[in-house]
Amino acid sequence: MVGKALAAKLAALGHQVTMGTRSVEKEAASAPAGINVRTFAEAAAFGETLISCTAGATSIDALRSVNRKDLTGKVLIDVSNPLVFTPGQLPTLSISNTDSLGETLQREFPELRVVKALNTCNCQVMVDPARVPGEHDLFIAGNDAAAKQQVTKLLHEFGWKSIIDLGDITGARATEQLMPFWLRVFGMYGSPDFNYRILKSPAIVRTT
Ligand SMILES: NC(=O)c1ccc[n+]([C@@H]2O[C@H](COP(=O)([O-])OP(=O)(O)OC[C@H]3O[C@@H](n4cnc5c(N)ncnc54)[C@H](OP(=O)(O)O)[C@@H]3O)[C@@H](O)[C@H]2O)c1
């Protein structure tokens with residue numbers, strides 16, 4: 001879902017997109033128009049910027065399946081959440097508190113410049129923030145300032161106006177841990193068309 005939504009949006013903005021999958025033939029049949037569908041390895045080789053939007057439990061394995069040289073120096077936007085699904089229960093997190101999936105990816109693949117982003121809202125809101133009227137925020141985190149700048153530029157292209165930089169990649173702990181809250185709000189409204197907004201006193205200034 002996320003991969004297709006992001007691919008369609010990127011293509012509409014004029015970017016060239018290749019989606020990675022384990023099932024090229026099957027996914028090619030339902031891919032958005034103008035999107036190439038290839039293996040994960042071929043997609044990683046193609047992309048100047050990479051987006052990780054696989055099921056969180058499998059993100060590391062998906063990236064291990066690509067040629068490491070195709071990761072070197074590239075920005076990877078990590079949209080995934082480390083959710084564990086149990087029938088009849090709300091999903092839980094497999095990584096939390098003192099660690100996150102974003103950090104795990106950065107540790108496992110130090111050659112990548114990982115930026116955690118977009119994981120705190122539904123994929124339709126990701127690519128069309130105006131679905132939720134008014135001002136609302138998106139959060140990013142990562143160790144590389146230039147990578148975060150590059151991602152911020154792309155997010156502005158998507159229509160995001162307020163992007164809050166939570167600092168280094170440990171900020172991924174905070175955004176991934178919003179998921180239990182997000183899932184409960186979703187349960188209340190039965191719609192994913194909502195988002196977060198940080199409201200602050202004008203007297204408060206940023207100190208970090
Ligand atoms: N859905 C949302 O609106 C939303 C919002 C924010 C964040 N996220 C996060 O974004 C990620 C994708 O969500 P989604 O809703 O798009 O999920 P999805 O539709 O179930 O897509 C799952 C993706 O994970 C891949 N995958 C599954 N098992 C795999 C394995 N064993 N090895 C390698 N790849 C595997 C699939 O690849 P194949 O094509 O090979 O099956 C597919 O690309 C998740 O981490 C989710 O928590 C989702």
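This report covers the ligand site, one pocket and the salt bridges of a predicted model.

## Ligand shell

The ligand is surrounded by 20 residues. Val2, Thr21, Arg22, Ala55 and Cys123 are the closest. Sorted by class, the shell holds ten nonpolar, eight polar and two charged residues.

## Polar contacts to the ligand

Three residues place polar atoms by ligand oxygen atoms. Threonine 21 uses its side chain: a polar atom there is 2.6 Å from an oxygen atom of the ligand. Arginine 22 uses its backbone, with an N or O atom 2.7 Å from a ligand oxygen. Threonine 54 also contributes a polar backbone atom, 2.8 Å from an oxygen atom of the ligand.

How much of the ligand does the protein bury? On its own, the ligand exposes 900 Å². The protein buries 72% of that area.

## Second largest pocket

Rolling a probe the size of a water molecule over the atoms reveals where empty space remains. The second largest pocket holds about 200 Å³ of space. Its lining includes Pro129, Ala130, Val132 and Pro133. Glu135, His136, Trp160, Lys161 and Arg197 are also among the lining residues. By class, the lining divides into five nonpolar, four polar and three charged residues.

## Salt bridges

Side chains of opposite charge can pair when their charged atoms come close. The whole structure contains 15 salt bridges. One of the pairs joins arginine 64 to aspartate 61, at 3.6 Å from N to O. Both residues sit in helix α4, which spans residues 59-64. Arginine 64 and aspartate 61 are three residues apart, about one turn of the helix.

Key:
Residues numbered from 1 in each chain as written. Predicted model: local features only at pLDDT ≥ 70, side-chain atom pairs only at ≥ 80, totals over all residues. Heavy atoms only, no water. Near = heavy atom within 4 Å. Polar contact = N/O pair within 3.5 Å; in protein donor to acceptor, adjacent residues only side chain to side chain. Areas by Shrake-Rupley, 256 points an atom, 1.4 Å probe, with all protein chains shown as cover. Nonpolar A, V, L, I, M, F, W, Y, C, P; charged D, E, K, R; others polar. 1 Å grid on protein atoms, 1.4 Å probe; cavity = no way out; pocket = protein on both sides within 12 Å on 5 of 7 lines; lining within 4 Å. Points joined across faces, edges and corners; volume = space filled by probe spheres on them. Salt bridge = Lys/Arg side-chain N within 4 Å of Asp/Glu carboxyl O. Helix = DSSP H or I, 4+ residues; strand = E, 2+ residues; numbered from the N terminus.
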